[in-house]
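Open the model in your viewer and keep the sequence panel beside it. The stops below say what to select and what is there.

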Amino acid sequence: MHMRASDHPVGPRTIPVRIILEDPASLNEDGSDTAEHEVMAAEGEHLLEVALRAGVNIEHACGGVCACSTCHVYIEDGDDALSEPTEMEEDRVEEAPGLQINSRLSCQCDIVRPPADGGPIVMRVPAWNRNAVKEVPH
Ligand code: FES
């Protein structure tokens, strides 16, 4: 599925993001069992595109337009660096299996500032959640 890229200019990649995979073999593009990636991201990027760039295949059935919940992740640290969830995201994320208090949809998590403690932003990708698409816009 084609993915929505950031629709605004992004800055230099100075913000560390740690991506922890609960099921690395199915999430790593190269099939490896590497369970942690540390990459640099820019203000203006969203976490889904950061993960995809790092070779982590988070499912994104709706293409990043907040119409599914397949890009569900847990934010374990650095949530002060991310955009606040919208009501639409809150409604969608409630459909995700394994919902937790720190659940977010990675395509909706724009990096808006560096984390106050210098980072990294830490996101955990849950062991696979099956396609929870309700409707896909045409
Ligand atoms: S990819 Fe569908 S909500 Fe994020």
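Helices and strands here are DSSP runs, helices of at least four residues and strands of at least two, numbered from the N terminus. The model is predicted.

**Stop 1: the whole chain**

Colour by secondary structure. The chain has three helices and five strands. Follow them along the sequence and the order reads β-α-β-α-β-α-β-β.

Now switch to a surface. Its accessible area is about 6900 Å², and carbon and sulfur atoms own 49% of that. Of the 138 residues in the chain, 49% are buried. Next, turn on contacts. Take those with a separation of 6 or more: 76% of them join residues 24 or more positions apart.

**Stop 2: Asn28**

Select Asn28, in the loop between helix 1 (24-27) and strand 2. Is Asn28 buried or exposed? Its relative accessible area is 4%, under the 20% cut-off, so Asn28 is buried.

Show its side chain. A polar atom there lies 2.9 Å from the backbone oxygen of Ser32. Then expand the selection to contacts, skipping neighbours within four places in sequence. Asn28 touches Leu21, Asp33, Thr34, His37, Gly55 and Val56.

**Stop 3: Glu45**

Move along to Glu45. This residue sits in the loop that links strand 2 (36-42) to helix 2 (47-53). Its relative accessibility is 5%, so Glu45 counts as buried. What does its side chain reach? One of its polar atoms is 2.9 Å from the backbone nitrogen of Ala42.

**Stop 4: the loop between helix 2 and strand 3**

Three residues are worth picking here.

Start with His60, which lies in the loop between helix 2 and strand 3. With 14% relative accessibility, His60 counts as buried. Draw a distance to Thr70: the two are 10 residues apart in sequence, and their C-alpha atoms are 5.5 Å apart.

Go on to Gly63, in the loop between helix 2 and strand 3. Gly63 is buried too, at 5% relative accessibility. Put the other end of a distance on Cys107. That residue is 44 positions away along the chain, yet the C-alpha separation is 8.5 Å.

Finish with Cys66, placed in the loop between helix 2 and strand 3 (72-77). Check its backbone torsions. Cys66 is not a glycine, but its phi is positive, about 65°. Its relative accessibility of 3% means that Cys66 counts as buried.

**Stop 5: Leu105**

Select Leu105, in strand 4. How much of Leu105 is accessible? The relative accessible area is 0%, so Leu105 is buried.

List its contacts, leaving out residues up to four places away in sequence. Cys66 from the previous stop is one of them. Cys68, Ser69, Cys71 and His72 are also touched by Leu105, as are Glu89, Arg92 and Val93.

Now draw a line back to His60. Leu105 and His60 are 45 residues apart along the chain, and their C-alpha atoms are separated by 9.6 Å.

**Stop 6: the largest pocket**

Run a pocket display. The largest pocket holds about 290 Å³ of space. It is lined by 16 residues, and those closest to its centre are Pro85, Ile101, Asn102, Ser103 and Arg104. Select these five to centre the view.

Which elements supply the lining? Helix 3 (87-93) and strand 4 (103-105) each give at least two residues. Helix 3 has the largest share, with three residues.

Colour the lining by residue class. Six residues are nonpolar, four are polar and six are charged.

**Stop 7: Pro120**

End at Pro120, in the loop between strand 4 and strand 5 (121-125). Show the backbone and look at the peptide bond from Gly119 to Pro120. What is its geometry? The bond from Gly119 to Pro120 is cis, with omega near 5°.

**Selections to keep**

- Asn28 and Ser32, for the 2.9 Å approach of side chain to backbone oxygen.
- Glu45 and Ala42, for the 2.9 Å approach of side chain to backbone nitrogen.
- Gly63 and Cys107, for the 8.5 Å C-alpha separation.
- Leu105 and His60, for the 9.6 Å C-alpha separation.
- Gly119 and Pro120, for the cis peptide bond.

Technical notes: Residues numbered from 1 in each chain as written. Predicted model: local features only at pLDDT ≥ 70, side-chain atom pairs only at ≥ 80, totals over all residues. Heavy atoms only, no water. Buried < 20%, exposed > 50% of the residue type's maximum accessible area, 1.4 Å probe, protein only. Contact = heavy atoms within 4.5 Å. Areas by Shrake-Rupley, 256 points an atom, 1.4 Å probe, with all protein chains shown as cover. Polar contact = N/O pair within 3.5 Å; in protein donor to acceptor, adjacent residues only side chain to side chain. 1 Å grid on protein atoms, 1.4 Å probe; cavity = no way out; pocket = protein on both sides within 12 Å on 5 of 7 lines; lining within 4 Å. Points joined across faces, edges and corners; volume = space filled by probe spheres on them. Nonpolar A, V, L, I, M, F, W, Y, C, P; charged D, E, K, R; others polar.
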